[in-house]
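User: Hey, I've just opened this one and I'm new to it. Can you walk me through it?

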Amino acid sequence: MLGFGIVPEQASSANKRGGCFDPHLMTPNPYFFIVIFCGVALVFPLMPLALAWLWRRFFQPPKPGAGKNATYECGVESVGEAQVQFQSQYYLYCVIFLIFDVEAIFLVPFAVAFTGLPVGAFIAILVFLLLLIEGLIWAWSKGCLNWAVKG
């Protein structure tokens with residue numbers, strides 16, 4: 001009787017060896033699962049986009065006109081310039097927030113594994129924290145954290 005995964009040519013060679021079959025014939029290629037994963041990762045986001053495009057292409061009625069081609073669809077003409085000036089402190093405040101937000105992301109794994117880490121890891125995280133504190137002191141001394149509302 002043939003075993004699962006053995007073709008007749010391999011079965012005859014397995015019978016010559018005493019009825020044993022090669023267990024490597026039963027294991028799938030490890031790259032097969034990576035190909036499946038990549039395929040699903042591509043199909044899952046692209047399929048709704050393709051379906052939405054097809055829906056728009058075949059079921060949406062065309063709506064040409066001057067109102068549709070205007071800058072704003074609401075029918076109200078824009079007033080003033082499109083470019084609005086803002087202070088650079090807003091940008092700096094945002095960048096500083098992002099830096100310290102990323103710091104929290106790096107500190108959480110360290111805090112979770114704190115008791116099992118060697119002394120070298122503790123020194124590395126201490127250097128990381130000291131650099132961040134130095135950046136905070138620099139931003140504070142330059143006045144980046146002063147929030148002045150001009151009205």
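User: Let's start with H4. Which helix do the buried residues of H4 pack against?
Analyst: They pack against helix H3, residues 88-112. Bear in mind that this is a predicted model.

User: And which residues of H4 are the buried ones?
Analyst: Ile125, Leu132 and Ala139.

User: What about the other side, which residues are buried in H3?
Analyst: In H3 the buried ones are Ile96, Glu103 and Phe110. The packing shows up from this side too, as the buried residues of H3 pack against H4.

User: Hang on, there's a glutamate in that list. What is the nearest side chain of opposite charge to glutamate 103, and how far away is it?
Analyst: That would be lysine 142, and it is 21 Å away. Glutamate 103 is buried but has no salt bridge.

User: What does glutamate 103 touch, then, leaving aside neighbours within four places in sequence?
Analyst: Phe128, Leu129 and Leu132. Leu132 is also one of the buried residues of H4.

User: Let's look at leucine 107. Where does it lie?
Analyst: Leucine 107 is in helix H3 as well.

User: Why does leucine 107 count as partly exposed?
Analyst: Its relative accessible area is 21%, and buried would mean under 20%. So leucine 107 falls in the partly exposed class.

User: What does leucine 107 contact, not counting residues up to four places away in sequence?
Analyst: Leucine 107 touches Ile125 and Leu129. The C-alpha atoms of leucine 107 and leucine 129 are separated by 9.1 Å, while the two residues sit 22 apart along the chain.

User: Back to the helices themselves. How does the reach of H4 fit with what's expected?
Analyst: H4 covers residues 119-142, which is 24 residues. From its first C-alpha to its last it reaches 35 Å, close to the 34 Å expected at 1.5 Å a residue.

User: What about the span of H3?
Analyst: With 25 residues at 1.5 Å each, H3 should span 36 Å. Its end C-alpha atoms are 37 Å apart, so that agrees.

User: What happens just after H4?
Analyst: Glycine 143 comes there, and it takes a positive phi of about 85°.

User: Zooming out, how many helices and strands are there?
Analyst: Four helices and zero strands. From the N terminus on, the elements run α-α-α-α.

User: How much of the protein counts as buried?
Analyst: Of its 151 residues, 7% count as buried. The protein exposes about 13600 Å², and carbon and sulfur atoms supply 71% of that.

User: Which residues form the nonpolar patch on the surface?
Analyst: Among them are Leu42, Met47, Trp53, Trp55 and Phe59. Together, the residues of the patch have about 1200 Å² of accessible area.

User: Pick methionine 47 from that patch. Which helix is it in, and what are that helix's residues?
Analyst: Methionine 47 is found in helix H2, residues 30-59. At 45% relative accessibility, methionine 47 counts as partly exposed.

Key. Residues numbered from 1 in each chain as written. Predicted model: local features only at pLDDT ≥ 70, side-chain atom pairs only at ≥ 80, totals over all residues. Heavy atoms only, no water. Helix = DSSP H or I, 4+ residues; strand = E, 2+ residues; numbered from the N terminus. Expected span 1.5 Å × (residues − 1). Buried < 20%, exposed > 50% of the residue type's maximum accessible area, 1.4 Å probe, protein only. Contact = heavy atoms within 4.5 Å. Patch = residues over 30% accessible without salt bridge, like charges linked within 9 Å, V, L, I, M, F, W, Y side chains within 5 Å. Areas by Shrake-Rupley, 256 points an atom, 1.4 Å probe, with all protein chains shown as cover. Salt bridge = Lys/Arg side-chain N within 4 Å of Asp/Glu carboxyl O. Lys, Arg positive; Asp, Glu negative; His and termini not counted.
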